[in-house]
Amino acid sequence: MELKVGGIFKCPEGHNATIVWISEDKKVIAVRCSQKHLKKVVKVADNTKPAMSGHYPRKERKIYVENMVFLIEI
Ligand SMILES: [Zn+2]
C-alpha cells in the first residue's frame, strides 16, 4: 500500500483518518481524524448542587477534540 497525502490511514484509535503530511524518509506521517477523541478529564465545580461546608461538589467533564492531528511512526 503506497502512502500519499490525502490517503486514508488508521488513527491511533482505529478511525479512518486522512493523511495530511508524510516525512521525506516516509518514516513519519501525520494523519487528521475527524472523529472525536478524548483529550482529558477535568474536575469542575458542580454549581447544580448546594455547597456544603465551604466545598463545592465536583464533577468530571470530559473534553473531546475533533480533527485531531496525530504523528505516527511507521
Ligand atoms: Zn480517530
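Here is a short chat about valine 20 and the sheet around it in a predicted model.

Visitor: Before we start, what is the average pLDDT of the protein chain?
Guide: Residues are numbered from 1 along each chain as its sequence is written. Since the model is predicted, local features need pLDDT of at least 70 and side-chain atom pairs count only at pLDDT 80 or more, while totals for chains, interfaces and linings use all residues. That pLDDT is the predictor's confidence in each residue, from 0 to 100. Here 93% of the residues score at least 70, and the chain average is 89.

Visitor: Is valine 20 buried, exposed or partly exposed?
Guide: Count other C-beta atoms, placed from the backbone, within 10 Å of the residue's own: 20 or more is buried, 12 or fewer exposed, in between partly exposed. Valine 20 has 15 such neighbours, so it counts as partly exposed.

Visitor: Which residues does valine 20 touch, leaving out those up to four places away in sequence?
Guide: Contact means C-beta atoms, placed from the backbone, within 7 Å. By that test the list for valine 20 is Val5, Ala30, Val31, Arg32 and Val69.

Visitor: What is the strand order in the open sheet of four strands?
Guide: Strands are DSSP runs of E, at least two residues, numbered from the N terminus, and two of them pair if DSSP finds at least two bridges between them. Valine 20 sits in strand S2, residues 16-22. With antiparallel pairing, the order is S1-S2-S3-S6.

Visitor: Which residue in S6 stands opposite arginine 32?
Guide: Strand S3 (residues 28-33) pairs with S6 in the antiparallel sense, over six bridges. Facing arginine 32 from S6 is valine 69.

Notes:
Contact = placed C-beta atoms within 7 Å.
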